[in-house]
Amino acid sequence: MSQAENTENERNIVCFFLFGILSLIYDEICLIAAEDILAGSKIATTTVILSIAIPVLSVKVIAPWFFQRVSYMKKIALVVVFLIGGLGTLVYSPHIPGRLAGVGVVESGVATSEITFLSLTAFYEHITVSAFVAGVGVASFVGPLYYTSLTTWTCLSPRTTIMVTIPWPLLFLLLYALLDKGPIRKKEPSIGNDVILPKGDNLEDKQGSFVRDRLLVAKEIFPYILFLLITYFSEYISNHAIITTIAFPNAPFKPRDHYPYYILSYHIGKFMGRSHLLLVSAVCPKLVQHVRIRRTWILALIEFLHGVFFFLASWFRFVPRVEIIIALCATEGFTAGSMYLNSAHTVSDMITDPERREFALCLLTVGNACGKLSAGLLGLFQEPFLMKHCMEDLKLGQYCLTRHAHKAGWNKNLHC
């Protein structure tokens, strides 16, 4: 490889790494801000998850079937519009329903961004998959750290903390301008332009063949979609309907601060889980094949067992200290991050044709969207159920929900 090609390849890797950060950082900020968005209410935390999951699932189910016909520049412009519009709605809405609508628009942008850039890796070196997923992992850490540090360790309000991020989506356009477009141009003549199509039976045959081929790909990767669904269901029901009801009287911080610390710990683990293959490939590429986990059902089972433990801990209150829950949140996060990474790599290996692989990687993300949605629906009942048990049977009062009791918790920092 020449020096110019090597520099170009490194630039592409950096671009995909940053795409990964920008693609998921808003998802992570919305998740960790969930309790503050609902400050002063008794609305179930998973209402925010449903505001996330419904638009995400809609985009991820519909988009893969026609997004390949849209140019990447147009897709990225759509991402920017969704994110900036949604953030503006979120921070300027005085009432909870308006904030939830803003979250939904933001998450439409997040979902569009994820499927756009994950599918784009199909036309570049295999390491760009690891770079993108590593960026997603960094977002899992940087987003919660940013939000927790400004709302818990300083005097900035949750609303202002999110408002600061409104210009960030413009970086997508800059990064795309820096990306090497050579691999994309080979495909561009058939995308976003006027193309003379065959007529009559020939066109119908080609369309039928296209649909059959896509259904075949969907059938081939269905087990991996299912394992992702189980993992994300366990992850979201644990984080947003179970540990939200676990606060400790002997903890060195207030009940509201439990939730940011839980989620920050979880995302540190998730960052490690999503980034470890990239780190191994940088240090010793030969080890990557030995570190990879192709039987992803094992990771799904481990994640499910985390959820069972958290439920029992909430119900029976046998865990003596908050540090134990924080540590388990980190292992839960590592498992979820590793699941996402290994699923993407396994599907990339299974599907060799670039265009079929592009579709497969788009469709794979349906698993996490379905997991979020199902967890959000169940959480509407599970969190109130656990909270009622805590309040009426255990009589733990303010330690039954990790949320501000006052509406002012959204517009003001009540630590100051």
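This is a dialogue about a helix, a pocket and a cavity in a predicted model.

Tutor: Local features of this predicted model need pLDDT of at least 70 and side-chain atom pairs count only at pLDDT 80 or more, while totals for chains, interfaces and linings use all residues. Residues are numbered from 1 along each chain as its sequence is written, and side-chain values use heavy atoms, with hydrogens and water left out.

Student: Why is helix H15 called mostly covered?

Tutor: Buried means under 20% relative accessible area, with a 1.4 Å probe and protein chains only; nine of the 11 residues of H15 (residues 354-364) are buried, among them Arg356, Glu358 and Phe359, so the helix is described as mostly covered.

Student: What makes the approach of aspartate 353 to arginine 356 a polar contact?

Tutor: A polar contact is a pair of N or O atoms within 3.5 Å, one able to donate a hydrogen and the other to accept it; a side-chain oxygen of aspartate 353 reaches to within 3.1 Å of the backbone nitrogen of arginine 356, so the pair meets the distance cut-off.

Student: Why is the space of about 100 Å³ called a cavity?

Tutor: On a 1 Å grid over the protein atoms alone, a cavity is a set of points where a 1.4 Å probe fits but cannot get out, and this space is the largest cavity. H5 gives the most to its lining, with four residues, and the lining divides into seven nonpolar, one polar and eight charged residues.

Terms used. Buried means under 20% relative accessible area, exposed over 50%, partly exposed in between (1.4 Å probe, protein chains only). Helices (H or I, at least four residues) and strands (E, at least two) are DSSP runs, numbered from the N terminus. On a 1 Å grid over the protein atoms alone, a cavity is a set of points where a 1.4 Å probe fits but cannot get out, and a pocket is an open set with protein on both sides within 12 Å along at least five of seven lines; lining residues have an atom within 4 Å of a point. Grid points are joined across faces, edges and corners, and a volume is the space filled by probe spheres set on the points. Ala, Val, Leu, Ile, Met, Phe, Trp, Tyr, Cys and Pro count as nonpolar, Asp, Glu, Lys and Arg as charged, and the others, Gly among them, as polar.
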